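Biologist: Please take one loop of this model, examine it closely, and then set it beside the charged pairs and the packing elsewhere in the chain. I should like every term to carry its cut-offs.

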Amino acid sequence: MKMNKTLLSAAVAVGLLSTSSVTHAAGFQLAEYSATGLGRAYAGEAAMADNAGAQWRNPAMLTYLEGTQVSVGAIYVDPNIDIDGTSTSLGGVTTPSSANDFAHSAVIPNFYVSHKYSEKLAIGFAAGTNYGMETDLGTDFGGANHGNEASVISMELNLNAAYQVLDNVSVGGGIRYVMAEGSFGAVAASAFAPAGVQKGDTLKYMEGDDTAWGWQVGTAWQINENNRLGFTYKSEVDLTLEGHAKGAAFDGVAAVVGTVKPQYNGSMELALPATAELASFHQLTDTVAIHASVNWTNWSSFKELVADIPEFGPARTQDIKQENWEDNYRFAIGTTYQMTPKLALRSGIAYDTSAVSEEHRTATIPETDRTWLSIGAGYQWSEQLSLDAGFTYILAKDAKMLEDDAASAPFGGSFEGEVSGSIWLVGVQANYRF
């Protein structure tokens, strides 16, 4: 693939259930944009203005940041995801199918700069990721014929600006440049290998990469000195991942409509969904604040993965995987306690709803509900420098699945199982104001 995975691997939120789904927000969405917010379970982010990273969730918050600020950090993600079930062949032969700890750890970095250009105008630059996931169930997984590996890796650059239109209202917006690559693969399981195909042989594999543009807008309303509301919206980003496909499933088509080759040029459509957030911030006392948010993600746009292979002529489109996801919501509430003039303590709890129902859940993306429990701290090292740290434990709800979709029918059988797991997140952030 064209994209440098060394640069993008940090954007991979770990494996299916996780980082894409389990680790952060639902699907393969990543919530981890800063260690500052991690300590409060990302509650109230669209109304928070801690440092230059605030623009990632709401560009309007740039007007709340004085001078020139730089924020840089990283979050380490350690998922523990297991899947256990049974594969059944068309002939009724059952095979135990399990994979343990199949999601790998990852580091997710970020970088932000903000500048207050005038009393009312502010600009900013941001680098991070909103989407990413990677999983590998291995070639020995009993349900590998339905899929044994999948990945979406992305990196995003933002240019943002905000303007204070009224004494208590700010608006902001920005352009988003997204670089992404993705892949999906399935191999023959011993009980499901078609004639002439051996266990572990590739049945389907598609990979590709693309770049695309998106946008974001946001607003902030300072109700009074102690209360603030924020709203933000990010557009959908439509990608056409150009690359190649290979495997027995594609060879079968090629044998009829074209020449069988080691691989075939093709592409795969992938939509990174639109998102929205409504958030609030409330300073209850001189030392205690609470913040809350509701997030929505348009995951219903993710229905299927289809390979488009022009050299196959009328049969050019080939199903890779049916997904049939649905919109999901995230609810979070957090607190900040200013223990001393230099030390702030944070905490938060959040609940992510699953983006897929039980009948459409798959082993390669075992998306499920999850609960976040977070704590964190911020320390004002000097007038210019502050340091933040956050720690989160995510508990994924045990979830059942049944795979017997038409896309896998040529290789027969079904897979029925249950996924379980948890994720540990730890992040650090350094913020400097000039």
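Modeller: The loop chosen runs between β6 (149-166) and β7 (169-187), and Asp-167 is placed in it. Helices (H or I, at least four residues) and strands (E, at least two) are DSSP runs, numbered from the N terminus. The model is predicted, so local features require pLDDT of at least 70 and side-chain atom pairs count only at pLDDT 80 or more, whereas totals for chains, interfaces and linings use all residues. Residues are numbered from 1 along each chain as its sequence is written, and side-chain values use heavy atoms, with hydrogens and water left out.

Asp-167 is exposed, at a relative accessible area of 72%; here exposed means over 50%, buried under 20%, and partly exposed in between (1.4 Å probe, protein chains only). The C-alpha atoms of Asp-167 and Trp-221 are 9.4 Å apart, although 54 residues separate the two along the chain.

Another exposed acidic residue is Glu-359, with 55% relative accessibility, in the loop between β17 (343-352) and β18 (370-380). Together with Glu-326, Glu-358 and Glu-416, Glu-359 forms a negative surface patch. A patch takes residues with over 30% relative accessible area and no salt bridge, like charges being joined within 9 Å; the place of a Glu charge is taken as CD.

As for paired charges, the whole structure contains eleven salt bridges, each a side-chain nitrogen of Lys or Arg within 4 Å of a carboxyl oxygen of Asp or Glu. One of them joins Glu-277 and Arg-57 at 3.1 Å, N to O. Glu-277 belongs to strand β12 (residues 275-283) and Arg-57 to helix α4 (residues 54-57), so this pair ties together parts 220 residues apart in sequence. Both ends are buried: Glu-277 has a relative accessible area of 2%, and Arg-57 has 10%.

A second bridge, between Glu-311 and Lys-261, measures 3.0 Å, N to O. Because Glu-311 lies in the loop between β14 (304-308) and β15 (317-322) and Lys-261 in the loop between α5 (248-257) and β11 (264-272), this pair ties together parts 50 residues apart in sequence. Glu-311 is partly exposed at 34%, and Lys-261 is likewise partly exposed at 34%.

Asp-352 and Arg-370 form a further bridge, with their closest N and O atoms 3.7 Å apart. This pair links strand β17 to strand β18 across 18 residues, and both Asp-352 and Arg-370 are buried. In addition, salt bridges with shared partners join Arg-40, Glu-45 and Asp-50 into one network.

Ala-41 and Tyr-42 lie in the loop between α3 (35-38) and α4. Neither is a glycine, yet phi is positive in each, about 60° for Ala-41 and near 55° for Tyr-42. Ala-41 is buried at 0%, as is Tyr-42, also at 0%.

Tyr-42 leads on to the packing. The largest nonpolar core has 33 residues, and Tyr-42, Ile-83, Phe-141, Trp-372 and Leu-425 have the most contacts inside it. At least two residues of this core come from each of β1 (68-88), β3 (106-116), β19 (385-403) and β20 (414-433). Apart from it lies another core, of 32 residues, including Leu-239, Trp-299, Ala-355 and Val-356. A nonpolar core is a set of buried Ala, Val, Leu, Ile, Met, Phe, Trp, Tyr and Cys residues joined through side-chain atoms within 4.5 Å.

Terms used:
Patches are made of residues with over 30% relative accessible area and no salt bridge: like charges are joined within 9 Å, nonpolar side chains (Val, Leu, Ile, Met, Phe, Trp, Tyr) within 5 Å. Accessible areas come from the Shrake-Rupley method with a 1.4 Å probe; for residues, only the protein chains shown count as cover. Lys and Arg count as positive and Asp and Glu as negative; His and the chain ends are not counted.
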